[in-house]
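Trainee: I would like to go through this structure term by term. For each label, please set the value against its definition.

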Amino acid sequence: MALTKEEKAAIVGKFGANDSDTGNTKVQVALLTERIKQLTAHKQRFPKDTGASRGLLKAVGQRRKLLKYLQGRDLELYRSLIKELGLRK
């Protein structure tokens, strides 16, 4: 259920400055978005899995905090990231 090394490397390569740029806010938001998509699909298949529900809520909250930080730091980067990831904002 977690991201594989290949998926994570692809996301880091796409959104990071280089292949080892995992601390970048853009990369963190993109990784959380992919994780949220996986947890959402899992939750639809197994609706009584409360552990997945809690993990999903925590991931959404963490992504919200990172996006709020990014919005305050660099509004243009925030807007481009929202558009690129297809998030509703």
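Trainee: Why is histidine 42 called buried?

Mentor: Buried means under 20% relative accessible area, exposed means over 50%, and partly exposed lies in between (1.4 Å probe, protein chains only). Histidine 42 has a relative accessible area of 17%, so histidine 42 is buried. This is a predicted model, in which local features need pLDDT of at least 70 and side-chain atom pairs count only at pLDDT 80 or more, while totals for chains, interfaces and linings use all residues. Residues are numbered from 1 along each chain as its sequence is written, and side-chain values use heavy atoms, with hydrogens and water left out.

Trainee: What makes lysine 8 partly exposed, and what is lysine 68?

Mentor: Lysine 8, in helix 1, has a relative accessible area of 40%, which lies between the two cut-offs, so lysine 8 is partly exposed. Lysine 68, in helix 3, has 65% relative accessibility; that is over 50%, and therefore lysine 68 counts as exposed.

Trainee: Which side chain makes a polar contact with the side chain of histidine 42?

Mentor: The side chain of aspartate 49, at 2.7 Å. A polar contact is a pair of N or O atoms within 3.5 Å; within protein, one must be able to donate a hydrogen and the other to accept it, and residues adjacent in sequence count only if both atoms are side-chain atoms. Aspartate 49 also appears at the start of helix 3, where one of its side-chain oxygens reaches to within 3.3 Å of the backbone nitrogen of glycine 51. At the start of helix 2, a side-chain oxygen of asparagine 24 comes to within 3.2 Å of the backbone nitrogen of lysine 26.

Trainee: How do you know that the span of helix 2 agrees with what is expected?

Mentor: Helices (H or I, at least four residues) and strands (E, at least two) are DSSP runs, numbered from the N terminus. The expected span is 1.5 Å times one less than the number of residues. Helix 2 has 21 residues and should span 30 Å; its end C-alpha atoms are 30 Å apart, so the two agree. Helix 3, with 24 residues, reaches 35 Å, close to the 34 Å expected.

Trainee: What covers the buried residues of helix 2?

Mentor: The cover includes helix 1, helix 3 and helix 4. Histidine 42 is one of those buried residues, and Val29, Ala30 and Thr33 are among the others. Leucine 85 is in contact (heavy atoms within 4.5 Å) with Phe15, Val29, Ala30 and Thr33, leaving aside its neighbours within four places in sequence.

Trainee: Why is helix 3 called oblique to helix 4?

Mentor: Angles under 35 degrees count as roughly parallel, over 145 as roughly antiparallel, 65 to 115 as roughly perpendicular and the rest as oblique. Axes are lines fitted to C-alpha atoms, for helices over the stretch in contact, and angles run from 0 to 180 degrees between N-to-C directions. The axes of helix 3 and helix 4 come within 6 Å and cross at roughly 135°. That angle falls in none of the named ranges, so helix 3 is oblique to helix 4. Among the residues making the contact are Leu67 and Leu70 of helix 3 and Tyr78 and Leu81 of helix 4.

Trainee: Which residues touch the most other members of the largest nonpolar core?

Mentor: Phe15, Val29, Leu67, Leu81 and Leu85, out of 21 residues. Helix 2 gives the largest share, 7 residues. A nonpolar core is a set of buried Ala, Val, Leu, Ile, Met, Phe, Trp, Tyr and Cys residues joined through side-chain atoms within 4.5 Å.
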